[in-house]
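Dear colleague,

I am handing over the structure you were going to look at, together with some notes on what was found in it. Please keep the structure open while you read, so that each residue can be located as it comes up.

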Amino acid sequence: MSTPTLEYPFDSVPEAGETREVAPGVSWIRMPLPFALDHINLWLIEDGEGVAIVDTGYALDATRDAWETILARLGKPVTQIIVTHCHPDHLGLARWLSDKTGAGVVMSQGEYLGGYALWHQLTGYDVTSMVAHFRHHGLDDDRAAALEGRGNAYARGVPSLPATYQRLIDGDTLSIGGQQWQIIVGYGHAPEHVSLYCEAIGVLISGDMLLPRISTNVSVFAATPHDDPLGRFLDSISAFKQLPDTSLVLPSHGRPFRGIALRVDQLVQHHDDRCAELLAACTDPRSAEEILATLFPRELDTHQVMFAMGEAIAHLNHLEHKGELVGRVGDDGVVRFVKSI
């Protein structure tokens with residue numbers, strides 16, 4: 001019996017500055033990122049005599065140049081700029097595009113305020129709080145210093161923020177080009193991540209909530225050290241299984257695909273496997289830093305260490321919320337987790 005696989009209807013990806021139609025009235029754009037994850041997918045939706053933009057890209061000259069080319073080729077007004085969430089590759093050029101086109105920004109309140117918290121380095125969302133949080137979970141001095149040395153990396157990807165926005169709430173409907181797009185808010189990856197589903201054309205713009213080849217990062221912030229974002233993420237993606245499995249999923253990274261139920265099941269199994277590995281590793285007390293190699297058995301750069309520590313803590317917290325691990329703070333001030341008796 002063959003193993004079920006996702007269906008990828010497009011064999012190639014758009015070049016920089018190119019738009020490619022993937023569904024009636026919906027086009028795919030691919031922009032560069034300055035990380036190991038080297039691209040982001042953005043989307044255009046025909047909106048009457050204009051076009052709506054979904055996500056904006058990281059603030060790079062190459063991204064601005066690509067947008068200049070695309071907007072000139074379109075030759076039509078931008079009606080709205082929809083942002084799925086506040087991470088720099090999604091929100092980065094929203095203010096720039098809004099100023100350039102006159103279009104308003106549309107996003108959830110959690111993402112708007114989350115962006116402001118990160119940009120202004122509010123307590124619990126600033127570099128100092130993040131490094132202290134990671135040190136509490138065992139991060140060594142060299143890695144902590146490297147993270148501190150990066151400064152406010154968020155503001156480099158998001159040089160300015162929208163002054164105003166139109167708020168989206170779970171269950172809202174956006175009318176774009178005569179089609180109705182349902183707003184689906186998900187949790188765990190970002191405060192109030194927005195995905196958009198159009199039943200009429202069978203398309204889900206999933207943002208970072210449902211990616212075809214990697215699992216999106218799920219991290220614990222210093223402001224909410226005992227949070228269970230992984231539990232909320234798993235609940236959120238499981239809700240996507242209510243959508244038709246024939247829906248075309250437009251993810252923020254990787255190629256468009258079909259097979260929502262299969263991908264959700266794969267991601268749930270992936271995190272179940274990680275949790276099982278951690279339970280096996282925590283027969284003796286272990287900190288998040290001590291189990292990094294279990295979750296990420298490869299060399300990590302400073303950017304990746306930030307995500308890896310957040311994700312390791314998320315998995316340990318999740319297991320503690322389930323009653324399978326217990327976290328205790330040692331005499332050295334480091335919290336370590338051990339299997340509950």
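**Salt bridges**

E290 is partly exposed, at 38% relative accessibility. Before going further, please bear in mind that this is a predicted model. The partner of E290 is R336, and the two residues form a salt bridge in which the closest N and O atoms are 3.7 Å apart. R336 belongs to strand 14 (residues 335-339), while E290 sits in the loop between helix 9 and helix 10 (292-295), so this pair ties together parts that are 46 residues apart in sequence. R336 is partly exposed, its relative accessible area being 23%. D332 also comes into the picture, since salt bridges that share partners join E290, D332 and R336 into one network.

How many salt bridges does a search of the whole structure find? The search finds 14 of them, and two further examples are worth following in detail.

One of them brings together the side chains of E7 and R258, at 3.6 Å from N to O. E7 lies in the segment before strand 1, and R258 lies in the loop between strand 12 (248-251) and helix 9 (260-281), so the pair ties together parts that are 251 residues apart in sequence. E7 is partly exposed, with a relative accessible area of 43%, and R258 is partly exposed as well, with a value of 27%.

The other example lies within a helix, where the side chains of D99 and R95 meet in a salt bridge at 3.3 Å, N to O. D99 and R95 are four residues apart in helix 3 (residues 94-101), and therefore about one helical turn separates them. An α-helix has 3.6 residues a turn, so residues three or four places apart point the same way. Is D99 exposed or buried? D99 counts as exposed, because its relative accessibility is 56% and the cut-off for that class is over 50%. R95, with a relative accessible area of 28%, is partly exposed.

**The sheet**

Seven strands form an open sheet, in the order 1-2-3-4-5-6-7, and the pairing between them is mixed. Strand 1 (20-23) and strand 7 (166-168) stand at the edges and have a single partner strand each, so one side of each is left without a neighbour in the sheet. If direction is ignored, neighbouring strands of this sheet are turned by 30° against each other on average. Within the sheet, strand 3 (residues 39-47) and strand 4 (residues 50-54) run antiparallel and are joined by five bridges. To see this pairing at the level of residues, look at W43, which stands opposite V54 in strand 4.

**Helix 6 and a surface patch**

Helix 6 can be examined at both of its ends. At its start, a side-chain oxygen of D140 reaches to within 3.1 Å of the backbone nitrogen of D142, the helix itself covering residues 141-149. After helix 6 comes G151, whose phi is positive, near 65°.

Which residues make the nonpolar surface patch of about 260 Å²? The patch is made by L122, Y125 and F221. Of these, Y125 is found in the loop between helix 4 (109-119) and helix 5 (127-136), and, at 32% relative accessibility, Y125 counts as partly exposed.

With best wishes

Key. Residues numbered from 1 in each chain as written. Predicted model: local features only at pLDDT ≥ 70, side-chain atom pairs only at ≥ 80, totals over all residues. Heavy atoms only, no water. Polar contact = N/O pair within 3.5 Å; in protein donor to acceptor, adjacent residues only side chain to side chain. Helix = DSSP H or I, 4+ residues; strand = E, 2+ residues; numbered from the N terminus. Patch = residues over 30% accessible without salt bridge, like charges linked within 9 Å, V, L, I, M, F, W, Y side chains within 5 Å. Areas by Shrake-Rupley, 256 points an atom, 1.4 Å probe, with all protein chains shown as cover. Salt bridge = Lys/Arg side-chain N within 4 Å of Asp/Glu carboxyl O. Buried < 20%, exposed > 50% of the residue type's maximum accessible area, 1.4 Å probe, protein only. Pairing = 2+ DSSP bridges. Axes fitted to C-alpha atoms, helices over the stretch in contact; angles between N-to-C directions.
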